[in-house]
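I opened this notebook to record what I looked up in the structure shown here. My entries follow the order in which I asked my questions.

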Amino acid sequence: LANWIANGLVTMMAPAGQLGVFFAIYVVCAGLSNLISNIAVIVMMAPICSNIAHLNHYPLRQLVLLVTIASSAVYTCPIGHQTNLMVTPLGRYSWGDFFRFGFPLQLFHMVLCVFVCLYLA
């Protein structure tokens with residue numbers, strides 16, 4: 001299953017190259033982390049990223065770092081992380097508040113993390 005998903009992701013993002021693959025991995029990790037635990041996302045994405053690194057001859061270290069950071073970035077959903085759940089009733093925040101303020105932060109974080117993992121890791 002991991003090999004099939006890795007092949008599909010690499011094939012779909014082939015026109016965008018390595019940068020596109022990294023952005024796709026970030027989007028998948030951050031999206032899943034809004035719904036399930038970040039540790040579960042890391043465990044699910046580890047074999048997929050290992051296959052991607054093997055298929056495209058990418059350094060595995062870059063992908064592992066990207067998955068770890070992207071899975072911990074939960075800015076757009078109040079149920080994605082326990083601290084979001086703690087501040088929601090106290091600040092009377094709604095789902096819209098998290099999305100309105102979290103989405104731009106998530107986009108900035110995505111660009112920054114992809115470039116850091118791609119060029120500095």
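The entries below begin with confidence and then go through helices and single residues.

**Entry 1, confidence.** I noted before anything else that this is a predicted model. I looked up the confidence of the protein chain and found an average pLDDT of 92, with 100% of the residues scoring at least 70. By element, I found the lowest confidence in α5, at a mean of 88, and the highest in α4, at 95.

**Entry 2, helix α6.** I asked how the end-to-end distance of α6 compares with the span expected at 1.5 Å a residue. The helix covers residues 95-119, and its 25 residues should span 36 Å; I found its end C-alpha atoms 35 Å apart, which agrees. I then looked for a bend and found one of about 35° at G102, with a proline, P104, following within four residues.

I also looked up which residues of α6 are buried, and the list consists of D97, F98, G102, Q106, H109, M110, C113, V114, C117 and L118. Where do the buried residues of α6 pack? I found them against α2 (17-33), α4 (60-71) and α5 (82-91).

**Entry 3, the salt bridge.** How many salt bridges does a search of the whole structure find? The search returned 1, and I traced a salt bridge to the side chains of R100 and D97, which meet at 2.3 Å, N to O. Both R100 and D97 lie in helix α6, 3 residues apart, which is about one turn of the helix. I checked D97 separately: its relative accessibility is 17%, and D97 therefore counts as buried, the cut-off being under 20%.

**Entry 4, Q106.** I stayed in helix α6 for Q106, and I wanted to know whether this residue is buried or exposed. Q106 has a relative accessibility of 9%, so I entered it as buried. Following its side chain, I found that Q106 reaches the backbone oxygen of A73 at 3.3 Å. Not counting residues up to four places away in sequence, I listed Y26, A30, A73, V74, Y75 and T76 as the residues that Q106 touches.

**Entry 5, N84.** I turned to N84, which is placed in helix α5. With a relative accessible area of 11%, N84 is buried. Which backbone oxygen does the side chain of N84 reach? I found that of V74, at 3.3 Å. Leaving aside neighbours within four places in sequence, I recorded V74, C77, P78 and F98 as the contacts of N84; V74 also appears among the residues touched by Q106, and F98 is one of the buried residues of α6.

**Entry 6, helix α3.** I looked up two residues here, M45 and N56, the helix itself running over residues 38-56. M45 is buried, with a relative accessible area of 4%, whereas N56, at 23% relative accessibility, counts as partly exposed.

For M45, I found V67 at 7.2 Å, C-alpha to C-alpha, although the two residues are 22 apart in sequence. Apart from residues up to four places away in sequence, M45 touches I25, V28, C29 and V67. For N56, I looked up V10, which is 46 residues apart from N56 along the chain, and found their C-alpha atoms separated by 8.2 Å. With neighbours within four places in sequence left aside, I entered V10 and V21 as the contacts of N56.

Note on methods
Residues are numbered from 1 along each chain as its sequence is written. This is a predicted model: local features need pLDDT of at least 70, side-chain atom pairs count only at pLDDT 80 or more; totals for chains, interfaces and linings use all residues. Side-chain values use heavy atoms; hydrogens and water are left out. The expected span of a helix is 1.5 Å times one less than its number of residues. The bend at a residue is the angle between axes fitted to the seven residues ending there and the seven starting there. Buried means under 20% relative accessible area, exposed over 50%, partly exposed in between (1.4 Å probe, protein chains only). Contact means heavy atoms within 4.5 Å. A polar contact is a pair of N or O atoms within 3.5 Å; within protein, one must be able to donate a hydrogen and the other to accept it, and residues adjacent in sequence count only if both atoms are side-chain atoms. A salt bridge is a side-chain nitrogen of Lys or Arg within 4 Å of a carboxyl oxygen of Asp or Glu. pLDDT is the predictor's confidence in each residue, from 0 to 100.
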